[in-house]
Amino acid sequence: MNLYDRIPNNVNLSEDKKLQRALEKWLPNYLDWWREMGPEGFQEKDVWLRTAVDVGSEGWAHFDYVKMPDYRWGIFLEPPQPDAKVGFGDNYGRPAYQEVPGEFRNALRRIIVTQGDTEPASVEQQRQLGKTCPSLYDLRNLFQVNVEEGRHLWAMVYLLHGYFGRDGRDEADALLERRSGNPDKPRILEAFNQPCDDWLNFFAFTMFTDRDGKYQLSALAESGFEPLARTCQFMLTEEAHHMFVGDTGLGRVVRRTAQLMKEGDVRELGGIPLEIIQKYINFWFSYSLDLFGGEISSNSADFFAAGLKGRYKEREQYTDHHASNENFTMTIVEDGELKTREVPLRNALNEVLRGEYVKDCEKGLARWTKVLVDEGRSERLYLPHPRFHRHVGEFAGHTFDIHGNLISREEFERKKSEWLPTMEDREYVRSLMHPVIEPGKIANWIAPPATGIKGKPFEFEYVRL
Ligand SMILES: [Fe+2]
Ligand SMILES: [Fe+2]
């Protein structure tokens with residue numbers, strides 16, 4: 001692994017001069033973007049970060065203080081499998097593609113650009129959060145997530161530069177030009193244009209939206225296009241930490257709220273009421289469901305047939321990797337009513353992947369339920385019905401209540417303040433966000449973590465301010 005090259009990598013970049021030059025041209029633009037759109041106010045601070053020094057499981061053991069602009073962003077792929085085969089679809093069992101198959105070039109570039117666009121977008125969404133961190137521990141976790149999203153951008157840009165020629169380079173430039181929430185040049189997917197300006201948003205985002213990333217990456221990690229598969233496999237090891245931050249972060253907010261409920265009125269005591277936590281869950285869960293795409297999708301069928309994008313744990317969970325003779329039963333809206341319809345399985349694969357995601361989210365809810373039980377509370381948090389508040393697919397353009405019942409737009413408008421964060425809710429949450437930067441101290445609205453990072457105590461100086 002060439003860690004101390006200008007661009008750290010394990011793809012022998014120095015042997016591919018053309019690619020190396022192209023990426024070295026992109027590097028200063030990336031750093032300009034990072035300085036302009038990365039965490040505001042902390043660029044020169046020492047942050048105790050983990051850095052990849054190897055792609056093996058031990059490679060993550062390296063923790064040290066780093067200034068974020070000096071982070072070793074680079075290109076790390078899982079090692080190749082000799083005799084890699086296409087694992088599903090019409091070309092099942094044939095040798096994996098080492099180059100982009102011509103007929104799928106546009107589709108594949110679209111997949112990579114769409115994934116790549118989410119990475120810098122989330123850094124942009126989170127850039128102000130450092131100023132209101134609830135503890136140094138949380139501040140460090142935020143920055144760890146941010147630098148890794150930056151590296152994920154590198155991962156996708158490597159594929160664009162390495163396998164798509166001129167238009168790949170143009171796309172790589174455009175990834176640094178769009179801006180989250182900017183009406184003139186927005187990020188591609190809507191969840192990545194939503195503001196993420198308080199820590200409850202951040203935890204809900206890393207719980208639900210980064211988890212979408214896990215499922216998209218997992219489906220691509222078994223891609224027949226081998227460089228993409230190996231890239232995504234390594235990204236998944238980083239993604240796990242992001243979801244940990246969101247899952248445990250929300251769990252700690254729930255714990256603190258439950259503790260305050262025993263003492264009196266949560267608002268008066270400066271905590272976040274469970275109803276507001278529930279509304280943030282409803283908001284980010286529904287936007288994250290949209291990221292899987294339409295319920296019935298010819299793209300999903302094409303990608304699967306081509307062996308580019310599979311199902312979750314395709315090799316492990318399934319025996320029929322053709323999936324060409326089965327149907328999938330789904331609910332759709334027809335003539336103003338919910339009806340069931342049989343769809344060829346390959347056209348329903350977005351919905352199949354979304355179903356896996358929902359199951360995973362339910363496990364998170366079960367962990368928070370356990371927190372409530374531990375604290376002696378009978379209240380519960382829940383996931384809204386997947387039809388609720390959707391902007392993409394079969395249910396977009398219709399309105400549903402939180403249980404998934406079709407309701408009129410008027411009724412939705414009347415009730416929506418019960419289900420989704422209102423301006424007042426957001427302002428209230430923001431009013432609690434004051435920085436706590438003394439080692440070992442924590443904001444009043446969140447419980448401390450059960451343990452620190454990598455054997456360090458919670459009191460450790462995770463960021464030197
Ligand atoms: Fe990412
Ligand atoms: Fe992530």
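## What counts as buried

A residue is called buried here when its relative accessible area is under 20%. By that cut-off, both Glu-149 and His-152 are buried. We will come back to this pair at the metal site, but let's start with the whole chain, keeping in mind that this is a predicted model.

## The overall fold

The protein has 12 helices and 7 strands. Its C-alpha atoms fit in a box of roughly 65 × 60 × 40 Å along the principal axes. The radius of gyration is 22 Å, which agrees with a compact globule, because 465 residues packed that way would give a value near 23 Å.

The contacts and burial add to this picture. Among contacts in the protein with a separation of 6 or more, 72% join residues 24 or more positions apart, and 59% of the 465 residues count as buried.

## Surface and charge

Turning to the outside, the accessible surface comes to about 19,200 Å², with 48% of it belonging to carbon and sulfur atoms. The protein carries 60 positive and 74 negative charges, and the mean positions of the two sets are 2 Å apart.

## The iron site

Now back to our buried pair. The iron ion (ligand 1) has Glu-119 (OE), Glu-149 (OE) and His-152 (ND1) as its protein donors, at 2.0 to 2.2 Å. Along the chain, these donors follow the spacing E-x29-E-x2-H.

Helix α3 (residues 136–163) holds both Glu-149 and His-152, which sit 3 residues apart, about one turn of the helix. Glu-149 also coordinates the iron ion (ligand 2) as well as the iron ion (ligand 1), and the two ions are 3.4 Å apart.

How values were computed: Residues numbered from 1 in each chain as written. Chains lettered and ligands numbered in written order. Predicted model: local features only at pLDDT ≥ 70, side-chain atom pairs only at ≥ 80, totals over all residues. Heavy atoms only, no water. Helix = DSSP H or I, 4+ residues; strand = E, 2+ residues; numbered from the N terminus. Rg over C-alpha atoms; globule rule 2.2 N^0.38 Å. Buried < 20%, exposed > 50% of the residue type's maximum accessible area, 1.4 Å probe, protein only. Contact = heavy atoms within 4.5 Å. Areas by Shrake-Rupley, 256 points an atom, 1.4 Å probe, with all protein chains shown as cover. Lys, Arg positive; Asp, Glu negative; His and termini not counted. Charge placed at Lys NZ, Arg CZ, Asp CG, Glu CD. Donors = N, O, S within 2.8 Å, 3.2 Å for Na, K, Ca; no water.
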